[in-house]
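The following exercises are to be worked with the sequence and the coordinates at hand. Each task is followed by a solution in steps.

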Amino acid sequence: MTEARVKRVRDLVDGVLLLDKPVGLSSNDALIKVKRVLNAKKAGHTGTLDPFATGLLPLCFGEATKFSQDLLEADKTYVTTVHLGVRTDTGDTEGLVLDADPALNRDAATITIDEIEAVLARFRGPIAQVPPMYSALKRDGKPLYEYARAGITLEREARNVVIHKLELLSYEAPFLRLAATVSKGTYIRVLGEDIGAALGCGAHLNALRRTGVGALSADGMVTLEQVNAHAAPLSLLAPVDALLSSFPSIELTADLAKRFLQGQRLPLGKEPGVQTPASYEGRVRVYGPAGDGGKLLGTGLFEQWAILKPERLIAAAQ
């Protein structure tokens, strides 16, 4: 008779790890590897990076997972290399090279910097973008990439996205290197393909690296190798409020902190000792009194008449 398998006891780990995801690994596989090293009970990532892409993948643990949705909605910044003159069925290096298109037969070596700059200008600002077939978007409960792998192409509606920044870094034919900051839902693969089409030569992404997610930057990123080799890997975690640094902060008194954690709306306009953001309505991060460690209590909505409404609360603070 075999012995019963002992279930591994996971630890309550709270914080954020800024992982430099390597090429060839899915975002979920990267998360699983780090979660195992940290022995964390609860974890999630903040938006996928394609396996061929590298760079900033914020991993959230414990209480930080409550705020991961904000990074899914945040702008993203990338550096990418676009290979002009060659198209693939996936829009990146993982796909099969497509047959030459007579409408896109221009030699990339004939393209000038001035032409590139003129085309890039057309893609800055609000644009409509058709999602790729090789994507995780679902139709009738099945991701589009499953249809694509079966040789089926479906009609897709264009979506409105915003290209906040699109900068030419270098061009050595046929490789066009760009930096871009884009709104949520933007596919850099499609952007590269559309730029290639506008230049008359077609294109696919040769490389893609994410360098920013919302207010988080590549500063402080660590590799999987560093996580695995570190004697105290938990020390690599940033605190939960690293995800909230773009929001104003409010420090409450001990009594107000207790009421906030009970879900009460707090009129702060005449509360002595409480500093509130001037001329601001919106999301705030809320802390307990500094004398009690200044713990993060969660987020709230700061409304008209200086009313603070609890939003997402930190369980550990209660």
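## Exercise 1: Surroundings of Thr-80

Beyond the neighbours within four places in sequence, Thr-80 is in contact with Leu-176, Arg-177, Leu-178, Ile-188, Leu-205, Ala-207 and Leu-208. The model is a predicted one.

**Task.** Determine in which strand Thr-80 is found, whether Thr-80 is buried or exposed, and which backbone oxygen its side chain reaches.

**Solution.**

Step 1. Thr-80 is located in strand S4.

Step 2. The relative accessibility of Thr-80 is 4%. Buried means under 20% relative accessible area, and Thr-80 therefore counts as buried.

Step 3. The side chain of Thr-80 reaches the backbone oxygen of Ala-207, at 2.7 Å. Ala-207 also belongs to the contact list of Thr-80 given at the start.

## Exercise 2: The largest cavity

**Task.** State how many cavities of 30 Å³ or more there are, identify the residues that line the largest cavity, and find which element gives the most to the lining.

**Solution.**

Step 1. The count is 1 cavity of 30 Å³ or more. The largest cavity holds about 30 Å³ of space.

Step 2. Its lining is made up of Thr-80, Val-82, Leu-166, Leu-178, Ala-180, Ile-188, Leu-191 and Gly-192. Two or more of the lining residues come from each of strand S4 (76-84), strand S9 (175-182) and helix H5 (188-198).

Step 3. H5 gives the most, with 3 residues.

Step 4. By class, the lining has 6 nonpolar and 2 polar residues and no charged ones.

## Exercise 3: Helix H5 and what covers it

**Task.** List the buried residues of H5 and name elements that cover these residues.

**Solution.**

Step 1. The buried residues in H5 are Ile-188, Arg-189, Val-190, Leu-191, Gly-192, Ile-195 and Gly-196.

Step 2. An α-helix has 3.6 residues a turn, so residues three or four places apart point the same way. This spacing may be kept in mind when the list is compared with the model.

Step 3. The cover over the buried residues of H5 includes S4, helix H3 (113-123), strand S5 (125-129), strand S8 (159-172), S9 and strand S10 (203-213).

Step 4. After H5 comes Gly-200, which has a positive phi near 85 degrees.

## Exercise 4: The largest pocket

**Task.** Give the volume of the largest pocket, the lining residues closest to its centre, and the division of the lining by class.

**Solution.**

Step 1. The space in the largest pocket is about 1,100 Å³. The pocket is lined by 32 residues, of which Thr-48, Asp-50, Ala-136, Tyr-187 and Arg-189 are the closest to its centre.

Step 2. At least two lining residues are supplied by each of helix H1 (27-38), S4, helix H4 (144-149), H5 and S10.

Step 3. The lining divides into 12 nonpolar, 11 polar and 9 charged residues.

## Exercise 5: The loop between S13 and S14

**Task.** For Leu-268, Gly-269 and Ala-278, decide which are buried and which are exposed.

**Solution.**

Step 1. Leu-268 is in the loop between S13 and S14. With a relative accessibility of 1%, Leu-268 counts as buried. Apart from residues up to four places away in sequence, Leu-268 touches Ile-250, Leu-252, Leu-256, Val-274, Thr-276, Phe-302, Ala-306 and Leu-308.

Step 2. Gly-269 is in the loop between strand S13 (266-267) and strand S14 (282-287). Exposed means over 50% relative accessible area; Gly-269 has 57% and is therefore exposed. Its C-alpha atom is separated by 10.0 Å from that of Gln-304, 35 residues apart along the chain.

Step 3. Ala-278 has its place in the loop between S13 and S14. Ala-278 has a relative accessible area of 68% and is thus exposed. The C-alpha atoms of Ala-278 and Ala-306 are 9.4 Å apart.

## Exercise 6: Annotated regions and the whole chain

**Task.** Describe the helix and strand content of the regions that UniProt annotates at residues 189-244 and 248-314.

**Solution.**

Step 1. An unreviewed UniProt entry places the feature "domain: tRNA pseudouridylate synthase B C-terminal" at residues 189-244. This stretch is 29% helix and 23% strand, and its end C-alpha atoms lie 29 Å apart.

Step 2. At residues 248-314 the unreviewed UniProt entry places "domain: tRNA pseudouridine synthase II TruB subfamily 1 C-terminal". Here the chain is 12% helix and 39% strand, with end C-alpha atoms 17 Å apart.

Step 3. The protein as a whole has 7 helices and 16 strands, and 45% of its 318 residues are buried.

Note on methods: Residues are numbered from 1 along each chain as its sequence is written. This is a predicted model: local features need pLDDT of at least 70, side-chain atom pairs count only at pLDDT 80 or more; totals for chains, interfaces and linings use all residues. Side-chain values use heavy atoms; hydrogens and water are left out. UniProt positions are given in the numbering used here, feature names are shortened, and annotations may be inferred rather than shown by experiment. Helices (H or I, at least four residues) and strands (E, at least two) are DSSP runs, numbered from the N terminus. On a 1 Å grid over the protein atoms alone, a cavity is a set of points where a 1.4 Å probe fits but cannot get out, and a pocket is an open set with protein on both sides within 12 Å along at least five of seven lines; lining residues have an atom within 4 Å of a point. Grid points are joined across faces, edges and corners, and a volume is the space filled by probe spheres set on the points. Ala, Val, Leu, Ile, Met, Phe, Trp, Tyr, Cys and Pro count as nonpolar, Asp, Glu, Lys and Arg as charged, and the others, Gly among them, as polar. Buried means under 20% relative accessible area, exposed over 50%, partly exposed in between (1.4 Å probe, protein chains only). A polar contact is a pair of N or O atoms within 3.5 Å; within protein, one must be able to donate a hydrogen and the other to accept it, and residues adjacent in sequence count only if both atoms are side-chain atoms. Contact means heavy atoms within 4.5 Å.
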